[in-house]
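Biologist: I have a model open and I'd like to learn how to read it. Could you walk me through it feature by feature?

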Amino acid sequence: MSNGIRVAALDDIPQGEGLAVDRAITGTTDDIALLRDTDDAVYALDDTCTHEDASLADGWVEDGFVECPLHASRFCLKSGEVQGLPATRNTCPHRVEVRDGEVWLFPGETP
Ligand code: FES
């Protein structure tokens, strides 16, 4: 288990919105979206929607889900499970921790 990567300050991510972390930083095949829920919890999912080429970091985050900005499929922030067409494939969650106002990402680790 790694110590994670410090990828942002919590204040860099507005409540209800997301921030994409480039794959050059995460070392993953996709960029990773940091998503800050309306209760201030932060989650991480693969950034590219499983339907077409949209960034989930540009979506709307509310009540445990992110809504894709292009065609409005919703993904569970905890599990990456898709809810609602047109997307039919789940996305991949990553472990993330907030410590002292700093966001640490553990790419590829299951939350
Ligand atoms: S690109 Fe996300 S639902 Fe179509």
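Biologist: What share of the contacts in the protein with a separation of 6 or more comes from residues 24 or more positions apart?

Modeller: Count a contact when two C-beta atoms, placed from the backbone, lie within 7 Å. Among contacts with a separation of 6 or more, residues 24 or more positions apart account for 41%. Bear in mind that this is a predicted model, where local features need pLDDT of at least 70 and side-chain atom pairs count only at pLDDT 80 or more, while totals for chains, interfaces and linings use all residues. Numbering starts from 1 along each chain as its sequence is written.

Biologist: Okay. How many helices and strands does the protein have?

Modeller: Helices and strands are DSSP runs numbered from the N terminus, with at least four residues of H or I for a helix and at least two of E for a strand. Here you get 1 helix and 10 strands, in the pattern β-β-α-β-β-β-β-β-β-β-β along the sequence.

Biologist: What is the strand order in the open sheet of 6 strands?

Modeller: The general idea is that strands of a sheet pair through backbone hydrogen bonds, either parallel or antiparallel. Two strands pair if DSSP finds at least two bridges between them. In this model the order is E1-E10-E9-E4-E3-E2, with antiparallel pairing. At the edges sit E1 (5-9) and E2 (18-21), each pairing on one side only.

Biologist: Let's zoom in on E10. Which residue stands opposite Glu102?

Modeller: That's Arg99, and Val98 stands opposite Val103. E9 (residues 93-99) and E10 (residues 102-106) pair over 5 bridges. They form a hairpin with 2 residues between them, and Asp100 in the turn has a positive phi of about 50°. E10 is also joined to E1 by 4 bridges; there, Trp104 is the bridge partner of Arg6.

Biologist: Which side chains of E10 are buried, and which are not?

Modeller: Call a residue buried if 20 or more other C-beta atoms lie within 10 Å of its own, exposed if 12 or fewer, and partly exposed in between, with C-beta atoms placed from the backbone. Val103 and Leu105 point to one face and are buried, whereas Glu102, Trp104 and Phe106 point to the other and are not. Across the 111 residues, 33% count as buried.

Biologist: Which elements give two or more residues to the largest nonpolar core?

Modeller: In soluble globular proteins, nonpolar side chains tend to be buried together. A nonpolar core is a set of buried Ala, Val, Leu, Ile, Met, Phe, Trp, Tyr and Cys residues joined through C-beta atoms within 7 Å. The largest one has 25 residues, and those with the most contacts inside it include Ala33, Ala44 and Val66. The elements giving two or more residues are E3 (32-36), E4 (42-46), E6 (65-67) and E10. Leaving out residues up to four places away in sequence, Ala44 touches several residues, among them Leu34, Val96 and Leu105.

Biologist: Now the backbone oddities. Where is Asp40, and is Asp40 buried or exposed?

Modeller: Most residues other than glycine have a negative phi, and most peptide bonds are trans. Asp40, in the loop between E3 and E4, has a positive phi of about 80°. Asp40 counts as exposed because it has 11 C-beta neighbours inside 10 Å. Asp63 has a positive phi too, about 50°, and lies in the loop between E5 (60-62) and E6.

Biologist: Which residues does the cis peptide bond join?

Modeller: Leu85 and Pro86, with omega at about 10°. You'll find Pro86 in the loop between E8 (82-83) and E9.
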